[in-house]
Amino acid sequence: MLKLPTALKAFAEALSGDGVKLYAVGGCVRDSLLGRTVHDVDLASKARPEELLERAHALGVEAKIVQRTLGTVLVTVDGVDYEHTTFRTESYGAGGAHKPDAVRFSDSLETDAFRRDFSVNALYESVSDGTILDPTGGLDDIRRRVLRTTTADPSVILRDDGLRILRLVRFAAALDFSVDPGTWEAAKANAALLKDVAWERKRQELDRILLGPRVYEALAMLKEIGALPYLLPELVPCDGMTQRKDYHRYDVLTHLFRTCEQTPDELGMRLIGLLHDAGKPEALKRDGKLYAHDVYGAEIARTMLERLRYPTALIDRVCGAIRLHMFDLRDEASDETLRRRFAGFGRERTQDLIMIREADVRGSGYKTAFVAEHWRRVYEQMQREHAPFSESELKVTGEDIMRELGIKAGERVGKIKHALLLRCAVHPEENERSALLKRMHDCL
Ligand code: ATP
Ligand code: MG
């Protein structure tokens with residue numbers, strides 16, 4: 001049974017006096033039955049938005065309408081927000097864009113259950129007494145750990161909103177559930193509906209998949225269902241593209257999925273892992289060899305990430321790391337070279353490159369010694385010695401340079417600053433005002 005605050009129960013009691021039964025619904029009921037952490041509690045009842053508002057205010061409970069067409073009311077009880085939606089049915093036109101033609105409020109909990117996506121998401125727990133209502137067989141599916149659409153014909157659900165295909169994959173991975181065969185086949189048959197879904201919505205689901213558990217399995221499911229052409233189209237030619245067997249056990253797509261899974265649980269790193277070799281098919285096609293795949297890959301990743309409407313700073317970070325991910329692949333660079341390059345990259349990029357190098361090797365399917373060990377050692381030593389990782393960390397400013405050398409503002413000042421940064425990357429003890437004022441004369 002869900003643990004609900006007494007104040008919310010009291011609110012439900014008062015409503016039931018008016019003939020309205022208040023239910024907790026969706027993810028919270030599912031997660032509490034599975035013994036998982038419950039994040040937020042969504043509410044539902046037959047009360048129309050205005051009616052609920054009126055009752056809440058009469059009882060001294062804060063409430064406001066947040067989405068009139070869908071009938072969503074935000075109820076605040078004891079400082080906690082709950083979203084209440086009125087039981088409803090939705091009807092959809094053609095296409096998978098999830099734009100209901102009409103939303104009709106309903107008195108029936110059953111009707112409401114069958115507009116929801118999966119049976120395990122359509123369980124209702126009475127707020128006042130904890131009874132569970134299960135019109136679509138969700139309890140049995142929770143027991144069997146299966147994701148199944150609420151309707152007997154899964155196409156009905158998956159056709160109305162293409163995004164449900166991505167939700168299916170997300171829930172399967174997050175809950176570690178299998179997918180009912182009928183639901184699986186319908187997802188495959190309707191994958192093309194994803195082309196009607198807004199990129200922002202697809203991105204939100206992709207983010208949750210990438211940051212969830214079992215990333216490899218989830219990505220493999222997306223491929224099996226046929227969702228990739230509508231989500232990450234440029235990765236499609238990576239599927240089945242074989243590579244040198246001495247370096248890679250897997251084809252490029254499998255390698256990307258495995259590398260992604262090996263990255264730390266952080267969106268930027270996950271995207272670097274997922275896309276780092278996206279340029280391989282293009283490199284092979286254009287040049288007959290893979291040499292420039294980092295250059296092509298950075299461009300291709302930018303196209304993909306812009307289309308998915310990621311923020312510019314994240315796109316720059318991911319594409320920058322992809323462009324550089326082949327740097328010193330053979331681990332031949334000296335400590336001094338690494339120090340200079342790392343200082344030029346800055347801390348974040350250096351960490352991204354160390355991370356992708358490690359994940360890339362693990363994602364190749366072979367247990368090779370990690371070439372990133374050397375990089376990591378050099379980077380950590382620089383950190384310990386407080387080496388500067390950007391010109392702004394130098395103990396002199398552009399003004400100091402101009403004054404000391406008697407030169408005007410311009411490109412030259414920038415060049416001198418950069419030279420001082422590279423010098424201090426190797427000799428951190430020289431990042432000190434008087435030493436730098438002397439050293440800058442050598443940079444002229
Ligand atoms: P979580 O919040 O843990 O991701 P959830 O099940 O609460 O899982 P939400 O996206 O918060 O998922 O949606 C709440 C409920 O609304 C779902 O459980 C489901 O019943 C319904 N729902 C949400 N989005 C859709 C959709 N696209 N199609 C059908 N039903 C949906
Ligand atoms: Mg939720």
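**A walk from helix H5 to the ligand and beyond**

Let's start with a charged pair: Arg143 and Asp140 form a salt bridge in which the closest N and O atoms are 3.4 Å apart. The model you are looking at is predicted, so please read every distance here as computed from that model. Side chains of opposite charge can pair when their charged atoms come close. Here the two partners sit 3 residues apart in helix H5 (residues 138-144), so about one helical turn separates Arg143 from Asp140. With a relative accessibility of 62%, Arg143 counts as exposed, whereas Asp140, at 38%, counts as partly exposed.

Helix H5 holds another such pair. The side chains of Arg144 and Asp141 meet in a salt bridge, with 2.7 Å from N to O. These two residues are also 3 residues apart in helix H5, about one turn of the helix. Is Asp141 buried or exposed? At 1% relative accessibility, Asp141 counts as buried, while Arg144 is partly exposed, with a relative accessible area of 46%.

For a similar arrangement elsewhere in the chain, look at helix H13 (residues 280-287), where Glu282 and Lys285 are 3 residues apart and therefore separated by about one helical turn. Their salt bridge has its closest N and O atoms 3.8 Å apart. Glu282 counts as partly exposed at 22% relative accessibility, and Lys285 counts as exposed at 67%. Back at helix H5, salt bridges with shared partners join Asp140, Asp141, Arg143, Arg144 and Arg148 into one network. A search of the whole structure finds 40 salt bridges.

Now for the overall layout. The protein is divided into domain 1 (6-144), domain 2 (145-227), domain 3 (232-384) and domain 4 (390-444). Between the C-alpha centres of domain 1 and domain 4 the distance is 63 Å.

Next comes the ligand. Which residues come nearest to ligand 1? Of the 14 residues around ligand 1, these are Arg30, Asn121, Arg164, Arg170 and Arg208. Some of the polar approaches can be followed atom by atom. An N or O atom in the side chain of Arg208 is 2.7 Å from an oxygen atom of ligand 1. For Asn121 the partner is a polar backbone atom, 2.9 Å from an oxygen atom of the ligand. Arg116 contributes a polar side-chain atom that lies 3.0 Å from a ligand oxygen. Taken alone, ligand 1 exposes 580 Å², and the protein buries 78% of that area.

Two further residues are worth a visit. Tyr23 lies in strand E1 (residues 23-25) and, at 8% relative accessibility, counts as buried. Leaving aside neighbours within four places in sequence, the contacts of Tyr23 include Asp42, Leu43, Phe87, Leu109 and Leu133, along with Tyr124, Glu125, Ser126 and Val127. Tyr23 and Tyr124 are 101 residues apart in sequence, yet their C-alpha atoms are 5.7 Å apart in space.

Finally, turn to Thr350 in helix H17 (residues 347-362). How buried is Thr350? Its relative accessible area is 0%, so Thr350 is buried. Apart from neighbours within four places in sequence, Thr350 is in contact with Phe342, Phe345, Tyr379 and Phe389.

Methods:
Residues numbered from 1 in each chain as written. Chains lettered and ligands numbered in written order. Predicted model: local features only at pLDDT ≥ 70, side-chain atom pairs only at ≥ 80, totals over all residues. Heavy atoms only, no water. Domains from an automatic or database assignment. Helix = DSSP H or I, 4+ residues; strand = E, 2+ residues; numbered from the N terminus. Buried < 20%, exposed > 50% of the residue type's maximum accessible area, 1.4 Å probe, protein only. Contact = heavy atoms within 4.5 Å. Near = heavy atom within 4 Å. Polar contact = N/O pair within 3.5 Å; in protein donor to acceptor, adjacent residues only side chain to side chain. Areas by Shrake-Rupley, 256 points an atom, 1.4 Å probe, with all protein chains shown as cover. Salt bridge = Lys/Arg side-chain N within 4 Å of Asp/Glu carboxyl O.
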